[in-house]
Amino acid sequence: HDSFNSFVKEFMSIRQQAKDDKNNGLAQFAKIVLNSSFGGDALNSEKYSNTKLLSSERTFLQHMMNGFIHSTELNDDLYAVQVDKENSFDKTKMHIIQLDTDSLTLAIAGDSRDYTQGFDAIIKDPEFYNKNKGLFFSDNGQRKILGVHIEKQGYNCIALSPKNYIINDEIVLKGVILEQNPQINEQAFVECINNGTVTTAVNTTLCQRKGVMSRLQMSRNAITGSHTKMIVLPNHSCLPFIYGIKADRYFIK
């Protein structure tokens, strides 16, 4: 992806300069753009969607139908409308629990087999699935670029925000050393959901500087239920979270 280099270098420079200037909002914005753009720019959208040319009236109807992705106005009564292609999964049996830039957790209503059945019970078109699964899913547990890899499976999941969830009694909480914070447990998640209780954590690490060993402690709010990855506008558009800028500062056209 040589043509992608200039873009990466520019935003890496923006992010580094923002970090040097203590501009956390701009640094976070540049990070999110970098994380999300590679997948979006490298994606061949023709594999996943169809584009139709529709009148303004039919475009309005398409907005309210399942599968609508995006529309672009070409003139007063002509729109290019992007819609999902039919896929091999029964979407009525899939529910998104939580997602981040490059990961998501799905609840799947399968059959009587255990959770290792994966997607088997919700495949609508086995021929299409078997023909194309190699394009998306990792082979024999080996990750591949832009591929889908299953990291964890289980019978239950409690999610408060991205990278902050429990699956099969295993806690995932980015930025917290769980072995040092036994107060981070399932009950803490339940208290946060029921009562809005915030649980703090303290990470202790060792650092050596100029031959002197020091012990550093960092305290942070570990379980809050706050989603700080994006801002959701009234029309359900999702935009990067920038410190100090609230949803009412954005304008919808």
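Which residue in S8 is the bridge partner of asparagine 164? It's leucine 173. Keep that pair in mind, since we'll come back to its neighbourhood. One thing to know before we go on: what you're looking at is a predicted model.

Let's start with the overall inventory. The protein has 5 helices and 12 strands. Of its 253 residues, 23% are buried. If you take the contacts between residues at least 6 apart in sequence, 40% of them join residues at least 24 apart. Watch for such long-range links as we go.

Now back to asparagine 164 and leucine 173. Asparagine 164 has its bridge partner in S8, and strand S7, residues 164–167, pairs with S8 in the antiparallel sense over 4 bridges. These two strands belong to an open sheet of 3 strands, in the order S6-S7-S8, with antiparallel pairing. At the edges sit strand S6 (157–161) and strand S8 (170–173), and each of them pairs on one side only. From one strand to the next, the twist averages 10°. The sheet has company, too: helix H5, residues 186–195, packs on it and touches S6, S7 and S8. The direction of H5 makes about 55° with that of S6.

What fills the space around here? In soluble globular proteins, nonpolar side chains tend to be buried together. In this model, the largest nonpolar core has 12 residues in all, among them Leu160, Ile166, Leu173, Phe189 and Cys192. So the leucine from our opening question turns up again, as Leu173 is part of that core. S8, H5 and strand S10 (212–223) are the elements that give two or more residues to the core. H5 supplies the largest share, 3 residues.

Cysteine 192, one of the core residues, counts as buried because its relative accessibility is 7%, and the cut-off for buried is under 20%. Cysteine 207, with a relative accessible area of 34%, is partly exposed. How many disulfides does a search of the whole structure find? The count is 0.

Another member of the core is Ala201. Leaving aside residues up to four places away in sequence, alanine 201 touches Val176, Asn181, Gln183, Met218, Ser219, Arg220 and Ala222. Several of those names, including Val176 and Ala222, are in the core as well.

That brings us to a pair of strands. Strand S9, residues 199–209, and S10 run antiparallel and are joined by 11 bridges. To pick out one spot, threonine 205 has leucine 216 as its bridge partner in S10. S9 and S10 form a hairpin with 2 residues between them. In the turn, lysine 210 has a positive phi of about 55°.

Next, the aromatic rings. The structure holds 6 aromatic pairs. One of them is phenylalanine 7 with phenylalanine 11, a tilted pair with 4.8 Å centre to centre and 40° between the planes. Both residues lie in helix H1 (residues 5–20), 4 residues apart, which is about one turn of the helix. Is phenylalanine 11 buried or exposed? Phenylalanine 11 counts as buried, because its relative accessibility is 15%. Phenylalanine 7, at 22%, counts as partly exposed.

Phenylalanine 89 and tyrosine 129 make another tilted pair, with 5.7 Å centre to centre and 55° between the planes. Phenylalanine 89 lies in the loop between strand S3 (78–84) and strand S4 (94–99), while tyrosine 129 lies in helix H4 (residues 126–136), so this pair ties together parts that are 40 residues apart in sequence. Phenylalanine 89 is buried at 15% relative accessibility, and tyrosine 129 is buried at 14%.

These two rings aren't alone. Ring pairs link Phe89, Phe119, Tyr129 and Phe137 into a cluster. There's also a second, separate core of 6 residues, which includes Phe119, Ile122, Ile123 and Tyr129.

Our last stop is aspartate 125, in the loop between strand S5 (104–108) and H4. Aspartate 125 is partly exposed, with a relative accessible area of 34%. Aspartate 125 and phenylalanine 89 are 36 residues apart in sequence, and their C-alpha atoms are 7.4 Å apart in space.

Technical notes: Residues are numbered from 1 along each chain as its sequence is written. This is a predicted model: local features need pLDDT of at least 70, side-chain atom pairs count only at pLDDT 80 or more; totals for chains, interfaces and linings use all residues. Side-chain values use heavy atoms; hydrogens and water are left out. Rings of Phe, Tyr and Trp (its six-membered ring) pair if their centres lie within 6.5 Å; planes under 30 degrees apart count as stacked, over 60 as edge-to-face and the rest as tilted. Buried means under 20% relative accessible area, exposed over 50%, partly exposed in between (1.4 Å probe, protein chains only). Two strands pair if DSSP finds at least two bridges between them. Axes are lines fitted to C-alpha atoms, for helices over the stretch in contact, and angles run from 0 to 180 degrees between N-to-C directions. Contact means heavy atoms within 4.5 Å. A disulfide is a pair of cysteine sulfur atoms within 2.5 Å. A nonpolar core is a set of buried Ala, Val, Leu, Ile, Met, Phe, Trp, Tyr and Cys residues joined through side-chain atoms within 4.5 Å.
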